[in-house]
Amino acid sequence: MVKFLNPKRIIVEGILFLLILLMGWEWLAALPSFTDTGRDSLWMFYIAFTAFFSLYILIPWKWVSFVASLGFFLYWFHFTLWDGPLFAKEWIISSYELMKEYGHEIIRMNWEAIDPAIRTGLFYLFVWIVVYLLYHRVIVKRKVIGLLILTITYLSVLDTFFLFDGRAPLIKSLAYGFILLAVVNLQRLEKMTRRSLFQLKLLPWFLCTLAIVLILTTVGIYAPKAEPQWPDPVSFLQAMKGGSGKGAGGIAVSGYGNDDSRLGGSFRQTMDTVFIAEVRGERYPAHYWRGESKEIYTGKGWESYAVTGQPLLLNSIIPFSLIHTKNSILVTENVTFNNEENLIFAGGQPNQVLSITYTEKPTAEPLLYYSQFNHRIDSRYPIKGYVIEAEIPVISEDELIAISEQYHHSTTGYPEEIMRIYTQLPETLPERVKQLGAEIVGDETNIYKKVKAIEHYLRWGSYSYQINNIPYPDEGQDFVDQFLFETREGYCDHFSTSMVVLLRTQGIPARWVKGFTYGEVTSDGENHHTITVRGKDAHSWVEVFFPGVGWVPFEPTASFSFPYQVERATADAQPVTNLDDQEQMVDNELPKIDQSLKEKELDARGSGVSDKQGASKWILYLFLILLISLLVFYYRKQIWYRIEALSVVKDSGIKLIYRTYRLTLKWLGQIYAPRADHQTIREYSASLDLNEEKKELIRLTKTFEEVRYGERVPDLSKREFLHIWRNLIKKLRS
């Protein structure tokens, strides 16, 4: 208890605790760059990380703190994922059933097939284990360099292979690491000299060290940087693999990805086939292949709320309502992926998934999940194909204009939850973006006509479609503001995001949607249509909410045709907006229900969405190999010590004493200084600056002298001798 109340211990461990918390935040803050972790979950993980660590710091007894942290882990796991009392019978049974159901998938590390609640619980367990290791390694053993190397490696890999800007996290982590090293080395100096820090008067030295770290950090952040002298390694690796990803100079490859948190940059098109769909019928209705929508605009890109999917059975009606118009066309589409996928793409209102083809036999139910929130359908296991029934809407302008009139030219009667979520804008959005939205709609009061006015402004205004030489926004610069007022050129992500933001500035609920355009359609003349969708067909567009109809798609991107059939407004309903003849001409060329789709769209087709999955498992394996190599290199002496120790413990009698003592002298020479030729082993042992280890070393030296020079049988048994020797080696290694 006296040790626990020692002010010096409290100050030193408090400093170490604070620095580890700061470094731990850099680890957790990077999670959204390669996982679907939401901001709320991120803070929950960090609170758990802080709480676990606090228990180890506040409770001085090792086993008590371990048990307390384990208890807190169970409580926190229960608190965040279950209702009801802790350790209730229902909770225990439910947890057991879930672990039994998903145990096989956990062993296989098939995370997509595991229930989100179980994945979250496993991550809490991982955080708990990491906290224990950090406490034991940094606080107890005072070993910092390994943590610093792992942190730099982790952030560097994310910065290289993912859409993660690691410049600031790397600089901050280095600063935290250097201060940690300074604190730990001061303590070692105090221990070696057996004098307190105040006696050594090292406080000025520490303050000087801190000042140097801060100066170097400031220089690292604000000093001008040279351009990279090496090409981005991902471009080389992707070229070797023939996949997609982020290439040299920030050039991505068109395709469907999950990470949209940072939009912008150039990309190149790929003709790789994503999937092939087959449809039977006299006519084929064109439509987008919808994947998912996102609702949170950050100023840099799009994120989503973390929503747990609901189970969905095969051949059952899909419960969510995406869009319902007066007229629609029922289609059944048989989709086959070129590579396995988990996301199901559909056009219009999906009714039911009729069948699924799996790459491996499923081991647990349910097979599918759906989300009422973003109208997404996911498979629990990777799939090779599926058959889906959907209703392709026929959009009536009369209906939408009438709905807008019914709501008195405003959104006051819209559902409160829709307005709260889908009119969100970041506080940092420049004022000129809001002013532009107001200028575009002018005095118009009809909501549908406002939407068409903004769509028309982007499609036929002074903005051009371009996929090359497209910059990322600068630090602190808004993505939409950059496109609307500075670059004025971009691709679908720029046009669609800008339309959503402009609509939201006018209080109109809208969201960003991504998937694929209708692809290339071929027909054999016998009512059989084949649709080939390639990587270049990846696309993003806009959905706007209209009560009674749902989420209606709009196409603001220049050079892209709107695929759905549209029933134009009658004279009584008044024209939608003063569209010029050019837009009307394009509208007349939209694919009708009984027409083949145009064989070729403009070559400028694709998506700026980076394919994070393109940097998939083999990159993770590369990271693990690098990580293991660093750990082996760092702990090489300890590993070699263990190998040598295992080789001698098999001996017995005099041979055991000879070999272990000579091995001890060898290690002492490596750690401190080798024995001089004129020194006896007793003189050498006495010359070493040892603390707690001296007692064991003197005992071993005495035993060795008795055997070597006195030719006596040692008083110690083999078990006692090895116990003393192992205690000595354990202390030397630490």
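Trainee: Which residues touch the most other members of the largest nonpolar core?

Mentor: Trp-289 and Phe-546 do, in a core of 96 residues. The strand that gives the most to this core is E11 (residues 377-396), with 7 residues. Keep in mind that this is a predicted model.

Trainee: Why is this called a nonpolar core?

Mentor: The name needs buried residues of certain types, Trp and Phe among them, joined through side-chain atoms within 4.5 Å. In soluble globular proteins, nonpolar side chains tend to be buried together. Apart from the core with Trp-289 and Phe-546 lies another one, of 44 residues, including Leu-19, Leu-148, Ile-179 and Val-213.

Trainee: What is Phe-546 in contact with, leaving aside its neighbours within four places in sequence?

Mentor: Its partners are Leu-400, Ser-404, Tyr-414, Ile-447, Tyr-448, Val-451, Val-552 and Phe-554. Leu-400 and Ser-404 are among the buried residues of helix H11 (residues 397-406). The cover over the buried residues of H11 includes E11, helix H14 (447-460), E17, E18 and strand E19 (566-567).

Trainee: How do you know that strand E17 (residues 538-546) is mostly covered?

Mentor: The cut-off for buried is under 20% relative accessible area. In E17, 9 of 9 residues are buried, so each of them falls under that 20%. Ala-538, Ser-540, Val-542, Val-544 and Phe-546 point one way, while His-539, Trp-541, Glu-543 and Phe-545 point the other way, and all are buried.

Trainee: Which strands form the open sheet, and in what order?

Mentor: The order is E4-E14-E17-E18, with antiparallel pairing. Strands of a sheet pair through backbone hydrogen bonds, either parallel or antiparallel.

Trainee: What makes E4 (289-294) and E18 (550-554) the edge strands?

Mentor: Each of them pairs on one side only. From one strand to the next, the twist averages 40°.

Trainee: How do you know that E4 and strand E14 (residues 510-516) are paired?

Mentor: Pairing takes at least two bridges. E4 and E14 are joined by 5, running antiparallel, so they qualify. Trp-289, from the core we began with, has Phe-516 in E14 as its bridge partner.

Trainee: How many bridges join E14 to E17?

Mentor: There are 7, and the two strands run antiparallel. In this pairing Val-513 stands opposite Trp-541 in E17. E17 also pairs with E18 in the antiparallel sense, over 5 bridges, and there Glu-543 stands opposite Pro-553.

Trainee: What lies between E17 and E18 in their hairpin?

Mentor: There are 3 residues between them, and Gly-548 in the turn has a positive phi of about 85°.

Trainee: Which strands does E3 (residues 273-280) pair with?

Mentor: E3 is joined to strand E16 (residues 528-534) by 7 bridges, antiparallel, with Thr-273 opposite Arg-534. E3 also pairs with strand E8 (residues 327-344) in the antiparallel sense over 5 bridges, where Val-279 has Glu-333 as its bridge partner. Both counts reach the required two, so both are pairs.

Trainee: Here is a glycine to test me. Why is Gly-166 counted as buried or exposed?

Mentor: Gly-166 has 0% relative accessibility, so it counts as buried. The cut-off for that word is under 20%. Gly-166 lies in the loop between helix H6 (145-161) and helix H7 (167-193). Ser-156 is 10 residues from Gly-166 in sequence and 6.7 Å away in space, C-alpha to C-alpha.

Trainee: And how many residues of the protein chain count as buried, as a percentage?

Mentor: Of its 734 residues, 51% do. The chain has 23 helices and 19 strands. Among contacts with a separation of 6 or more, 75% are between residues 24 or more positions apart.

Trainee: Where is confidence lowest and where is it highest?

Mentor: Helix H17 (residues 581-588) is lowest, at a mean of 34, and helix H16 (residues 492-505) is highest, at 95. Over residues 234-251 the pLDDT is below 50, though this stretch has 41 contacts in the model beyond near neighbours in sequence. Residues 571-616 also stay under 50, with 113 contacts beyond four places in sequence. The whole chain averages 76, and 74% of the residues score at least 70.

Methods: Residues are numbered from 1 along each chain as its sequence is written. This is a predicted model: local features need pLDDT of at least 70, side-chain atom pairs count only at pLDDT 80 or more; totals for chains, interfaces and linings use all residues. Side-chain values use heavy atoms; hydrogens and water are left out. Buried means under 20% relative accessible area, exposed over 50%, partly exposed in between (1.4 Å probe, protein chains only). Helices (H or I, at least four residues) and strands (E, at least two) are DSSP runs, numbered from the N terminus. Contact means heavy atoms within 4.5 Å. Axes are lines fitted to C-alpha atoms, for helices over the stretch in contact, and angles run from 0 to 180 degrees between N-to-C directions. pLDDT is the predictor's confidence in each residue, from 0 to 100.
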